[in-house]
Amino acid sequence: MTNPFAGKNVLSTKDFSKHDVEYLMETASKMKDMKQDGSKVLSNKIMASMFLEPSTRTRLSFDAAMKRLGGQVVGFSDWEKSSFHKGETLSDTLRVVENYADVVVLRSKYEGAARYAASILEIPVINAGSGSQEHPTQAFLDLACIKEEKGYIDGLTIGLCGDLHYGRTVHSLVPLLARYDITLVLISPESLGLRDEDKASLKESGVTFKEVELLETVIGDLDCLYMTRIQRERFPSEEDYRKVRGFYVLNQDTLKGASDQLLLMHPLPRINEIDPGVDALPQAVYFKQPMHGLHVRMALLALIFDIL
Amino acid sequence: MTNPFAGKNVLSTKDFSKHDVEYLMETASKMKDMKQDGSKVLSNKIMASMFLEPSTRTRLSFDAAMKRLGGQVVGFSDWEKSSFHKGETLSDTLRVVENYADVVVLRSKYEGAARYAASILEIPVINAGSGSQEHPTQAFLDLACIKEEKGYIDGLTIGLCGDLHYGRTVHSLVPLLARYDITLVLISPESLGLRDEDKASLKESGVTFKEVELLETVIGDLDCLYMTRIQRERFPSEEDYRKVRGFYVLNQDTLKGASDQLLLMHPLPRINEIDPGVDALPQAVYFKQPMHGLHVRMALLALIFDIL
Amino acid sequence: MTNPFAGKNVLSTKDFSKHDVEYLMETASKMKDMKQDGSKVLSNKIMASMFLEPSTRTRLSFDAAMKRLGGQVVGFSDWEKSSFHKGETLSDTLRVVENYADVVVLRSKYEGAARYAASILEIPVINAGSGSQEHPTQAFLDLACIKEEKGYIDGLTIGLCGDLHYGRTVHSLVPLLARYDITLVLISPESLGLRDEDKASLKESGVTFKEVELLETVIGDLDCLYMTRIQRERFPSEEDYRKVRGFYVLNQDTLKGASDQLLLMHPLPRINEIDPGVDALPQAVYFKQPMHGLHVRMALLALIFDIL
């Protein structure tokens, strides 16, 4: 089986077929061993970690992934600290950094920043989150988490809960899930419902889905529940926010009707969507998601450099 | 002799026996050679350097220690740059970072932060300074400096001078010194005297100590003088501060009554407690303390991973 | 031929003879191969990257250079984040950091900062830009770019255009060019003309040069055109600035009278001195300059440690 990621950019989950995704998942599942063996397969490689907006979690994950494979990292973690403030364009900075590195990991609050970077550069670009649209490596890790923790994906009933409209996490995950034979339950207030384009793509893929407002009415049906942050500033009034926030606090009570096999996930950071009292449950895997993230990013780097 | 640090947390100097401390000192004294040989014993390990408040000196020392042993580092150097500002708790961040690293080095202005981290994490935690209470690796390096530069500790008369009340450095060093057969001279204005708990622990350990205000009256008795910063903001009035500051400027004059074997130490940064005219004296070792710090931290990391 | 950089500081281009410079250029031209082979010749070395003012481009270049040779880096990228704000002097910080590293790379807005550091430290210091006077590694890379892209330096007619007065780039490059048999064309508004000391040194070296205001009148004579940023704040009025800015925008029009062999260079960042429409020309090498910078810095580090 040829490696579909060799020399490729990773810009959007939409760019990859089910076969590609499965190939990545399989590679990721081998990374635990490579990590423990202290692999040095990337010891001649440098990753440019270009975080135009701060992101500790994703930055550290890519950093660790590169270093676990023996590679090195150069970069910056904040737009203001960089030379951008001298008035240089992103395009020029990218062309400079290209001389120092073998792969670019780019995070930006601007839509399409990573795709733009890829159009300029000759070295591969990995999108570490751009605007409100794309965060493909988060989606890959979410999928890897489901697959590793459940053992399979086809046949599952998966709930996405909270802000399904504004966040890039859900927007990147839905096209991936659409490649599988699953049932999707979309749980959100109407104002935070899944974008029309995402629903259209679900229909096109033939994925069964329904939209509900109350978590309690569907929690018993779910094999996996993916919680997201609801950000106060989205709401017209404090009252509206509070009402909705009340619906989506996952705690021992909310979980009463749930299967004890219900996988609990969250891309983090969580604020109050999940009560800390839930953390100790064996099916609460949101603190294992970063581990799957490390493995998926190790796998991506190893595949892009085609050294396996 | 079994390694008492294998897999352990390093949270407070109080947690370690004299035997443990001696074991560490002996390991540290071997690190100069390992440094020169370019040891790669930690080449499969990643240290998470989590500095919730900035600290160039300690952060760089741990960074260099890990890298001198072939290890890698991921982390952040400033709370504001991290994702904490999205409202995540320290607990959650720690549980995320745990997936990326094999050891956590934590610096925080909050009391007990490192102990709290250790209670949550399964990987070892090293306290790189927490609140006003603990800075164990600074105390270990101070002790290593005395031992390496003097050749021994038992029998010495050691002066601690300046702010003995608020600083975490002295508070961490005193319990270590109390494990040895030394005489302690506490030199401070009354308002900055050693904390009652520290004096109690000295009494309990049977350490002879006395408290004085004037450095000049005791400097002739000392084998080692450990200066500390006195911070202006502690004092009720500018006049009080100035009077005290005058007492504790170490210069050629102040040193007239001192033995020419008197070891001069300071945890740094120094402001005006030591006149630069003193720097060239052979017994002024405050710029060698960071070297001992590097060796002690290399030793701690090597021992925690038990790879010697 | 003995290595003239072994154990040496790199503070100013004026400190190096033509022989030294040629030695560096030859070493730099071998670095492309060492980079691809994944050399680990500096695997036992640590570079302290001390950026007292932010500089993404230069910091990343040194970072990548050290890591391409297998070395490690510790440091900080911003004065404010460092412990300097506790009131410590630069001198003290340098003496601390010396314990952690084998070479110091120092960037500062203060004149003479690197030379001062070198006077204090026993390990080599590389000046990564100090005040308005010196940026030797930028000048070395500029020269390397000319030599690699043209194949030779003697005999060339080289134009320097824009702000020839305030920038440290030109001030560091001129003494290097003065070692060669070239003709220099200085293109600038009168108020931004080359400093008197630089003109005196050109005369002393016997370099033919002329000063002009209009780029168009001389562009046909040039083999190489080195553009620089003109910073608005230098000018007495917005009108004066605009008039001058108009002269020095390099675009397809301005280039009409130029040889199609004319090498186009810029130390970057560029603002509007070069129209993006020029970027695609084969002789526009300003985005290859950083590559030569990487090679020159790799060469400097390898030579300082004398490991070739």
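Reader: Let's start with chains A and B: how many residues of chain A are in contact with chain B?

Author: This is a predicted model, so let's take the contact as it stands there. Chain B brings 19 residues to it, and on the other side chain A brings 21.

Reader: Which element of chain B gives the largest share of the side that touches chain A?

Author: Two elements of chain B, strand E2 (72–76) and helix H3 (90–97), each supply at least two residues of that side. The largest share is four residues, and the element they come from is H3(B).

Reader: And by class, how many residues on the side of chain B that touches chain A are charged?

Author: That side divides into three classes, with seven nonpolar and seven polar residues among them. The charged ones number five.

Reader: What kind of axis relates chain B to chain A?

Author: Two copies of a chain are related by a rotation about an axis and a shift along it. Here the turn is 120 degrees and the shift along the axis is 0.0 Å, and chain B then lies on chain A with an RMSD of 0.0 Å. That is the relation of a three-fold axis.

Reader: Which residue of chain B has the C-alpha nearest that axis?

Author: Take the C-alpha atoms of chain B and look for the one nearest the axis. It sits 5.3 Å from the axis and belongs to Gln72(B).

Reader: Over to chains C and A: which helix supplies the largest share of the side of chain C that touches chain A?

Author: The contact takes 21 residues from chain C and 19 residues from chain A. On the chain C side, helix H2 (56–68) and helix H9 (289–304) each supply at least two residues. The largest share, eight residues, comes from H2(C).

Reader: How many nonpolar residues are on that side of chain C?

Author: Set aside the five polar and six charged residues of the side of chain C that touches chain A. The nonpolar residues there number ten.

Reader: Are H5(B) and H6(B) parallel or oblique to each other?

Author: Two packed helices are described by the angle between their axes and the distance between the axes. For helix H5 (residues 136–150) and helix H6 (residues 168–177) of chain B, the axes come within 8 Å and cross at roughly 55 degrees. The crossing is right-handed. With that angle, H5(B) and H6(B) are therefore oblique.

Reader: How many charged residues does the contact of H5(B) with H6(B) have?

Author: From H5(B), residues including Pro136(B), Asp142(B) and Leu143(B) meet residues of H6(B), among them Thr169(B) and Leu176(B). By class, the contact has five nonpolar and three polar residues, and the charged count is one.

Reader: In the five-stranded sheet of chain A, which strands are at the edges?

Author: The sheet is open, its pairing is parallel, and its order is E7-E6-E5-E8-E9. An edge strand pairs on one side only, and that holds for strand E7 (208–212) and strand E9 (263–265) of chain A.

Reader: Which residue of E6(A) stands opposite Ile158(A)?

Author: Strand E5 (residues 157–161) and strand E6 (residues 183–187) of chain A run parallel and are joined by five bridges. Opposite Ile158(A), the residue in E6(A) is Leu184(A).

Reader: Last one, in chain C: what is the bridge partner of Cys161(C) in E8(C)?

Author: Strand E5 (residues 157–161) of chain C runs parallel to strand E8 (residues 224–227) of chain C, with four bridges joining them. In E8(C), Cys161(C) has as its bridge partner Met227(C).

Technical notes: Residues are numbered from 1 along each chain as its sequence is written. Chains are lettered from A and ligands numbered from 1 in the order in which they are written. This is a predicted model: local features need pLDDT of at least 70, side-chain atom pairs count only at pLDDT 80 or more; totals for chains, interfaces and linings use all residues. Two residues are in contact if their C-beta atoms, placed from the backbone, lie within 7 Å. Ala, Val, Leu, Ile, Met, Phe, Trp, Tyr, Cys and Pro count as nonpolar, Asp, Glu, Lys and Arg as charged, and the others, Gly among them, as polar. Copies are superposed by least squares on the C-alpha atoms of residues with pLDDT of at least 70 in both. Axes are lines fitted to C-alpha atoms, for helices over the stretch in contact, and angles run from 0 to 180 degrees between N-to-C directions. Angles under 35 degrees count as roughly parallel, over 145 as roughly antiparallel, 65 to 115 as roughly perpendicular and the rest as oblique. A crossing is left-handed if the near helix is turned anticlockwise from the far one by less than a right angle, and right-handed if clockwise. Two strands pair if DSSP finds at least two bridges between them.
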